Amino acid sequence: MCVGTEATSLFGSELGRAPVSARPVQPRLERWTSLSACVLDAVWSVGADHDRVVVPLVHRVLIPTATGPLLADTPASADTHPLPRLLTRFPDEQTLETAAQNRQRTSTRGGVTKSDAALRYARILVDHGVLGVEDLPRLLADPASWSRLDRALSRVPGEGQQGARRSHFWSLCGVDERGRIARP
């Protein structure tokens, strides 16, 4: 149930194509089928090239134990890599960092590792009863619960200006800034 927009193709740019800044933003035709993918994408997207860093990282981390494709052109009804599986496979930031093959930090001035931030995000979601994409409609039906979860996510280091990471996460999940399913 994850949606978003990107200026480049999901799997990289082709030779001879115009630079990213010269091309219009096109809607992504494929969506993540897992909240784990949405978490990893949102955390690693801040300050990283989406096509060259983020998409391959998400695939590298999740494909080995996903129960289906991580991308689909329609919203997923069942999560292909639920958050509890992510937290079981990666109990600490070092194991996730190793699988991700990426040691980026949320800030160059003493930020936490992106692995740490991703695991914090996942734990907060699970603590609020959001285990996979199928839990989003129930969460969004309760604005107070969504607001509590949103506030908890805002406290994870590396939020970015005006909550950029959190905004990107909700966008990937198909949720607007008021906690409602965004309609394309």
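A residue counts as buried when its relative accessible area is under 20%. The legends below use that term for a predicted model.

**View 1. Tyr121 and Phe169, an edge-to-face pair.**
Tyr121 is buried. Phe169 is buried too. Their ring centres lie 5.5 Å apart. The ring planes stand at 85 degrees, and planes over 60 degrees apart count as edge-to-face, so this pair is edge-to-face. Tyr121 sits in helix H5 (residues 114-127), while Phe169 belongs to helix H8 (residues 164-172). The pair therefore ties together parts that are 48 residues apart in sequence.

**View 2. Trp146 and Trp170, a tilted pair.**
Centre to centre, these rings are 5.5 Å apart. Their planes make an angle of 55 degrees. Trp146 comes from helix H7 (residues 143-154) and Trp170 from helix H8, so the pair links parts that are 24 residues apart in sequence. Trp146 has a relative accessible area of 9%, so Trp146 is buried. Trp170 is also buried, at 4% relative accessibility.

**View 3. The aromatic cluster.**
The whole structure holds three aromatic pairs. One cluster unites Tyr121, Trp146, Phe169 and Trp170.

**View 4. The surroundings of Trp170.**
Residues up to four places away in sequence are left out of this list. Trp170 touches Leu136 and Leu139. Trp170 also meets Trp146, Leu149, Asp150 and Leu153. Val175 completes the set of contacts.

**View 5. The largest nonpolar core.**
This core has 48 residues. Six of them have the most contacts inside it: Trp32, Leu35, Trp44, Val61, Phe169 and Trp170. Many helices contribute. At least two core residues come from each of helix H1 (35-45), H2, helix H3 (83-89), H4, H5, helix H6 (136-140), H7 and H8. H1 gives the most, with eight residues.

**View 6. Helix H2 crossing helix H4.**
H2 spans residues 50-62, and H4 spans residues 93-100. Their axes come within 8 Å. The axes cross at roughly 115 degrees. The crossing is right-handed. On the H2 side, the contact is made by Leu57, Arg60 and Val61. On the H4 side, Leu96, Ala99 and Ala100 take part. Five residues of this contact are nonpolar, one is charged and none is polar. Val61 appears again in the largest nonpolar core, among the residues with the most contacts there.

Notes. Residues are numbered from 1 along each chain as its sequence is written. This is a predicted model: local features need pLDDT of at least 70, side-chain atom pairs count only at pLDDT 80 or more; totals for chains, interfaces and linings use all residues. Side-chain values use heavy atoms; hydrogens and water are left out. Axes are lines fitted to C-alpha atoms, for helices over the stretch in contact, and angles run from 0 to 180 degrees between N-to-C directions. Helices (H or I, at least four residues) and strands (E, at least two) are DSSP runs, numbered from the N terminus. A crossing is left-handed if the near helix is turned anticlockwise from the far one by less than a right angle, and right-handed if clockwise. Contact means heavy atoms within 4.5 Å. Ala, Val, Leu, Ile, Met, Phe, Trp, Tyr, Cys and Pro count as nonpolar, Asp, Glu, Lys and Arg as charged, and the others, Gly among them, as polar. Rings of Phe, Tyr and Trp (its six-membered ring) pair if their centres lie within 6.5 Å; planes under 30 degrees apart count as stacked, over 60 as edge-to-face and the rest as tilted. Buried means under 20% relative accessible area, exposed over 50%, partly exposed in between (1.4 Å probe, protein chains only). A nonpolar core is a set of buried Ala, Val, Leu, Ile, Met, Phe, Trp, Tyr and Cys residues joined through side-chain atoms within 4.5 Å.
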